[in-house]
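This report concerns a single sheet and the elements associated with it. Please consult the sequence and the structure shown here while reading.

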Amino acid sequence: MSLAEAGVEDETDVEDEAGVEDETDVEETEEASMADRWHIEVDRDLCIGSGMCVGGAPEEFRLDAARQSHPVSPDREPSEEVLAAAESCPVEAISITRAATGEVVFPPEE
Ligand code: SF4
């Protein structure tokens, strides 16, 4: 799953055709990125300490002494690395929701 598939718009294109930044677009982009922030959780009842998430995204997840994973930044901007780590978890212990709305980003609802 990509960020686009997860419903996250690419907000990097804030320049018009002449290459001049439009301040209105920049403000809207900042507001959109605040609204799109993710909340990351690891279900401790599900986590089996495989370390897949830590191996794939060492800047994003840490294992504690009990080999339970924790997100380094539970509330953050959307990240391909975090999404890939969530997808790599063998027991789907990592959930991603939109911080503002609680809408589920991952795992996809069936
Ligand atoms: S990949 Fe899943 S089971 Fe493995 S440590 Fe991370 S959260 Fe736990």
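The sections below describe the sheet, its strand pairings and the helix packed on it.

## Sheet architecture

The model is predicted. Its open sheet consists of 4 strands in the order β4-β1-β5-β6, with antiparallel pairing. The edge positions are taken by β4 (75-76) and β6 (104-106); each of these has a single partner strand, so one side of each is left without a neighbour in the sheet. In general, strands of a sheet pair through backbone hydrogen bonds, either parallel or antiparallel.

## Pairing of β1 and β5

Strands β1 and β5 run antiparallel and are paired over 5 bridges. Within this pairing, V42 has I94 of β5 as its bridge partner.

## The β5-β6 hairpin

Strand β5 comprises residues 94-98 and is joined to β6 by 2 bridges, again in the antiparallel sense. I96 lies opposite F106 of β6, while T97 faces V104 in that strand. The hairpin formed by β5 and β6 has 5 residues between the strands, and G102 adopts a positive phi near 80° there.

## Helix packing on the sheet

Which strands does helix α3 touch where it packs on the sheet? Helix α3, residues 80-88, touches β1 (38-42), β5 and β6. The direction of α3 makes about 140° with that of β5. Strand β5 thus takes part in the pairing with β1, in the pairing with β6 and in the contact with α3.

Terms used: Residues numbered from 1 in each chain as written. Predicted model: local features only at pLDDT ≥ 70, side-chain atom pairs only at ≥ 80, totals over all residues. Pairing = 2+ DSSP bridges. Contact = placed C-beta atoms within 7 Å. Axes fitted to C-alpha atoms, helices over the stretch in contact; angles between N-to-C directions.
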